[in-house]
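Dear colleague,

I am handing over the structure we spoke about, and I would be grateful if you could keep it open while you read the notes below it.

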Amino acid sequence: MRKEYVVIRMADHADLKYLTVVQPLPGERVVEKIKNEEVFLLVVGGTPVGQLWLEFLWSLVPYIALIKIEEQHRKKGYSRKLLGFCEDFLRGKGHEVLYSSSQMDEPAPQAWHRHMGFEECGAINGINQGGVGEVFFRKKLV
């Protein structure tokens, strides 16, 4: 079996089409996030197949807004590599913690967070459509 060539990198303007399909935000907002180094890409065999988007709570605290790997590329350890790249980037910027969340009715994403070393740190009830709550996770980076 041939090993796939994997690259994890910051998104750039050439990735705009791919990014706006997976995360339907206005193009100018995506350009801003690229400029601010808030979007990381997983590229396998030269094709983008995953992404991680950051937000900053109170403009200071890093929060994973989205992490997504295309279905056929899951269960290969790629999300750990993508997350690790993001964590190294944030450590380099002096951040000591990373936050994330999952809807309360999504046990698989919650299990993923725990598997990746996140600890549950709180919840907000009724914040999502249909009154579904959100579970928050924290991971120490130092």
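What follows is a summary of what was found, going from the helix and the core to the pocket and two single residues.

This is a predicted model, in which local features need pLDDT of at least 70 and side-chain atom pairs count only at pLDDT 80 or more, while totals for chains, interfaces and linings use all residues. Residues are numbered from 1 along each chain as its sequence is written, and side-chain values use heavy atoms, with hydrogens and water left out.

Helix 3 (helices being DSSP runs of H or I of at least four residues, strands runs of E of at least two, both numbered from the N terminus) covers residues 78-92, and its 15 residues reach 21 Å from the first C-alpha to the last, close to the 21 Å expected at 1.5 Å a residue, where the expected span is 1.5 Å times one less than the number of residues. Among its buried residues are Leu 82, Leu 83, Cys 86 and Leu 90, buried meaning under 20% relative accessible area, exposed over 50% and partly exposed in between, with a 1.4 Å probe and protein chains only. After helix 3 comes Gly 94, with a positive phi near 90°.

The largest nonpolar core (buried Ala, Val, Leu, Ile, Met, Phe, Trp, Tyr and Cys residues joined through side-chain atoms within 4.5 Å) has 22 residues, and Leu 52, Leu 83 and Phe 118 are among those with the most contacts inside it. Helix 3 supplies the largest share of this core, six residues. Leaving out residues up to four places away in sequence, Leu 52 touches, among others, Ile 64, Leu 82, Leu 83 and Cys 86, a contact being heavy atoms within 4.5 Å.

The largest pocket (on a 1 Å grid over the protein atoms alone, an open set of points with protein on both sides within 12 Å along at least five of seven lines, lined by residues with an atom within 4 Å of a point) is lined by 29 residues, with Ile 67, Ser 79, Ala 108, Pro 109 and Trp 112 nearest its centre. Strand 4 gives the most to this lining, seven residues.

Two single residues complete the notes. Asp 15, in the loop between strand 1 and helix 1, counts as buried because its relative accessible area is 5%. Lys 140, in strand 7, counts as exposed because its relative accessibility is 62%.

With best wishes

Key:
1 Å grid on protein atoms, 1.4 Å probe; cavity = no way out; pocket = protein on both sides within 12 Å on 5 of 7 lines; lining within 4 Å.
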